[in-house]
Structure formats: C-alpha cells, structure tokens
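Colleague: I would like to request a close look at a single part of this model, namely one pair of packed helices. Please describe the pair carefully for a first-year student, and then place it in the context of the rest of the chain.

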Amino acid sequence: MRAGTAGRRAGRRAPLSRHQLLLLGASFLITVGSFAVLPYMSVLLHSRWGLGLGTVGAVLAAASLIQFGGGVFGAALARRIGLRATMLIALTVRTAGFACFAPGGGGPVFAVVALLLVSSGAALYLPANKAYLVAGRPEEERPRLLALSGSAFTTGIALGPVAAAPFVLSEPTALFGAVALLFAAVCGAHALLPPVRDGDRTGRTDRGTGVRGRLPREPFAPAERAPFAYALLSVYVFMYFQHYLALYAIPRMSAASYGFLLMAYALLLAVLQPLLARWTAELPYGRALRLGFGAMALGTAGLATGGPVGIAAGAALMCWAEAVLFLRNELEALARSAAPAATVFGRQRLAAGFGAAAAALFGGPLYGAAERAGDTGLFWLAVAAQSLLLPVAGWAVGRARRDQAAARTTAPAAVPAPGSGPASASPSGSGSGS
C-alpha cells in the first residue's frame, strides 16, 4: 500500500485500459465527423435549403440548447439502462440524423429534423461518455482522464472543418453519407465495450465542506450549486468569444489567418488540458475561479485592441482559461456530489446550455450597440467587465445564502428552553457544536 502511494506521489500513472483507449479514439472520430458538418450548417441551411437568416438563427439556437441542456436527459437514461446502452442509443440517433441529411431533395423541414436529431444524440452521448471513462477509477485519476477526453474532442474540432472544407459546398451529399458511415462504425465499436452501470460514489471527502462520507441525497444538493453556477457564468462569458470572434476578427485579418488562428487555438487546447490536469486538480477552487475569470477578462480586453497581436494574445488567454476553468468546474462538481457521474456531467452540460443561450441572447444587441457607437472594441471591454463582476456577484449571492442558512440553523439554539436559565452559548458556538 505504501509503495503504491509513493509511486502515485512520484508521478506514476496507471496505463489506460483498452476500453478507455477505444473510447478516447471514438471521441476523436466523433468530433471529426461532427465538426466536418456542424460549423457549416448556417451556410447550408441558408444557401442549400433556402431558409432565411432569422430562421437559421432560431434553428441553430434550438439545436444548441438541445445539445447542451439535453444532457440531463442523457444522464437520466444512463442511470436507468446503463452507460454503454445510452451511448449506443445516442450514436444510433446521431447516425440517423446525418443519414437524413444525405438525400439531396429532402427539403428544409427534413434538414431541420436531421439537425435536431444530431443535437439530441450529442446530448445523450457526452454525459455517458465521460462517466464511462471515469467509472471505477480512483479519484486521483479523474483529472488526467477528463483532460485526455477533452483533448480528444478538441483535436477533432481542429481537424474536422479542415478535412471537410473541399467537399462541404461542392459535394455535401457525399460528405453527409461519409459522416453517417463513420458514426455507424463508431457505434459498432461501442458495442465491444463491456456494460457498466454508473453507481453512486461514496466514501470520499468533499473538497468544499471537508465532510467525509455521502452527501445528502437531494435532487440538487446545496453543495452542488456553486460548480453549476460558475459553469454557467464561465460558459456565458466564453461564448461571447466563440460566437462573435469571427465577426470581429475577419475584417482585421485575412480569412486564412483566422482559420489558422482557430486551428492553433484547438491544438493548443488539446496540448494544454493534459499538461495542466494535475495542477488544475490540486488548485484550490476559489483560486481557480479567480485565475480563470481573470484570464478571460484579460483575453477579451486584449481582443479590444483590434490588432492581430492583441487578437492572438487574447485567444491564447481564453484558451488557457478554458483548459483550466472548465476542467476544474467538472472536478469540483464531482467532488461535491454523491450522484452518479453521468448525472453530474449532465447537470454541468445544462449549466453550459443556459450560459450559451444567454450569451446568444444578449451578445447580438450588445455587439450592435458597439457598432452603432463606432467602436466594436467596446463590445469586448463590456465582456471583460462582465468576466470580472459576475463571479463576484455570484460569490456575494452564495455568501448571503450561506449566512441565511447559518442563521436559520443557529437561531433556535439561542432561545432558552422552558424552565431553563439564560443560554450560555452564543449562536455561533451552538451552531458549531450541532
């Protein structure tokens, strides 16, 4: 036992199992296939199927909300039928969605239904995928496994659009058919995985409260609210960068330079996540929040300069923030919850969905106001201000709720029992003894 502990402290890592390697490889292929198509959907829906831009925006917003927010349904399904079965159903749905895109004359309604199928499959898949990856593994292995998972997905994001660029407009039917076949093959590979049920996780120390053992079995325990709220806020700030960087950067640099910037961003993220995983896991949660939101504030302020160097530096800071803050939120959510891992990941996806939807809702009017003011750099300064102020507001709300809960807990102890003398203990003292 002592030798094993010393080995882990010395940095030894347990080798990945063949099932974990299969899952990581599948994650890469899934993202390559998805991002061979999804980044071009606005163009295809508008130019190929003739939808108006307003309708295109509504369709993409609905698809994004399903893809993120539907994770809670994927988690519920995983709890009922198991992780492997959930992934197989999700991949079958996504295969059907891409296959529906392939027929050339299906019409816009057919295309919208296909896109919603693809988004629904993604919602079902990701919580089960991550939960399967960490199932039965010690807590100290989770940061590396989740970071490797993020790197597999991110590398696919980097390569998918580039691989599809020569075909997406000239041969879209063939591209959709190839992606559907890829997903069918990946689905078949998942059938080789042994079935795993995502059970409750017990007997660990809650990093946030210091209480050992099982946390209360509530649908959404108070200890879980902070990772949910900060995940929502971090995705909210980040999605301004994701949604509006192209609109801002392409007039200031060539389209080819912008494409290179996106690829460099994705590849840098794929490298940073595993390299920083252990450091991120050991970072106190409050410090991780300050560093992550601070990096996003500096990054968006760098974008406001408008020059290529400022844009590149701002993107690098956003990349670092994504690598650290998003992983740390997931680890904190796992540490604070006794729910199955898929349920935790589903809730975090739901938080991301709310954040992404809010950024889409407020970002357009905010960018338009900056344009009318004659300086779109003001948009990024407004985002930087939000990155600094919103986490502080979230902390203040959480602190107020904790104080109210403490007051409710300690107030009865300060009232003397009938027939007894004055209470000798202060409210805070009796609260600590309860």
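Modeller: In this predicted model, helix α7 passes helix α8 in a right-handed crossing. Helix α7 covers residues 107-134, and helix α8 covers residues 142-164. Two packed helices are described by the angle between their axes and the distance between the axes. For α7 and α8, the angle is about 140 degrees and the axes lie 9 Å apart. An angle over 145 degrees would count as roughly antiparallel, so α7 is classed as oblique to α8.

The residues that form this contact can be named individually. From α7 come Y125, L126, N129, K130, L133 and V134. They meet R142, L145, L146, S149 and F153 of α8. Sorted by class, the residues of the contact of α7 with α8 comprise 7 nonpolar, 2 polar and 2 charged.

Helix α7 also contains L116. This residue has a relative accessible area of 29%, and it is therefore described as partly exposed, neither under 20% nor over 50%. When neighbours within four places in sequence are set aside, L116 is in contact with A63 and I66. The C-alpha atom of L116 is separated by 9.1 Å from that of S64, although the two residues are 52 apart along the chain.

A second pair may be set beside the first. Helix α13 (residues 308-336) packs with helix α14 (residues 341-372) at an angle of about 135 degrees, and their axes are 10 Å apart. This angle makes α13 oblique to α14. Helix α13 passes α14 in a right-handed crossing. In α13, the residues N329, E330, A333 and L334 take part, and they meet A341, V344, F345 and Q348 in α14. The contact of α13 with α14 divides into 5 nonpolar, 2 polar and 1 charged residues.

A third pair consists of helix α2 (residues 18-35) and helix α9 (residues 172-190), whose axes come within 10 Å and cross at roughly 165 degrees. That angle makes α2 roughly antiparallel to α9. Here the crossing of α2 past α9 is left-handed. On the α2 side, the contact is made by L22, L23, A26, L29, I30, G33 and S34. On the α9 side, the participants are V179, L182, F183, V186, A189 and H190. By class, the contact of α2 with α9 has 10 nonpolar and 3 polar residues, and no charged residues.

A residue in another helix also deserves mention. Q242 belongs to helix α10 (residues 225-249). With a relative accessibility of 46%, Q242 counts as partly exposed. The C-alpha atoms of Q242 and A359 are separated by 9.7 Å, while the residues themselves are 117 apart along the chain.

The chain as a whole provides the setting for these details. Its secondary structure comprises 16 helices and 0 strands. The chain has 434 residues, of which 46% count as buried. Among the contacts with a separation of 6 or more, 82% are accounted for by residues 24 or more positions apart. The protein chain exposes about 19900 Å², and carbon and sulfur atoms supply 68% of that area.

Note on methods
Residues numbered from 1 in each chain as written. Predicted model: local features only at pLDDT ≥ 70, side-chain atom pairs only at ≥ 80, totals over all residues. Heavy atoms only, no water. Axes fitted to C-alpha atoms, helices over the stretch in contact; angles between N-to-C directions. Helix = DSSP H or I, 4+ residues; strand = E, 2+ residues; numbered from the N terminus. Parallel < 35°, antiparallel > 145°, perpendicular 65-115°, else oblique. Left-handed = near helix turned anticlockwise from the far one by under 90°. Contact = heavy atoms within 4.5 Å. Nonpolar A, V, L, I, M, F, W, Y, C, P; charged D, E, K, R; others polar. Buried < 20%, exposed > 50% of the residue type's maximum accessible area, 1.4 Å probe, protein only. Areas by Shrake-Rupley, 256 points an atom, 1.4 Å probe, with all protein chains shown as cover.
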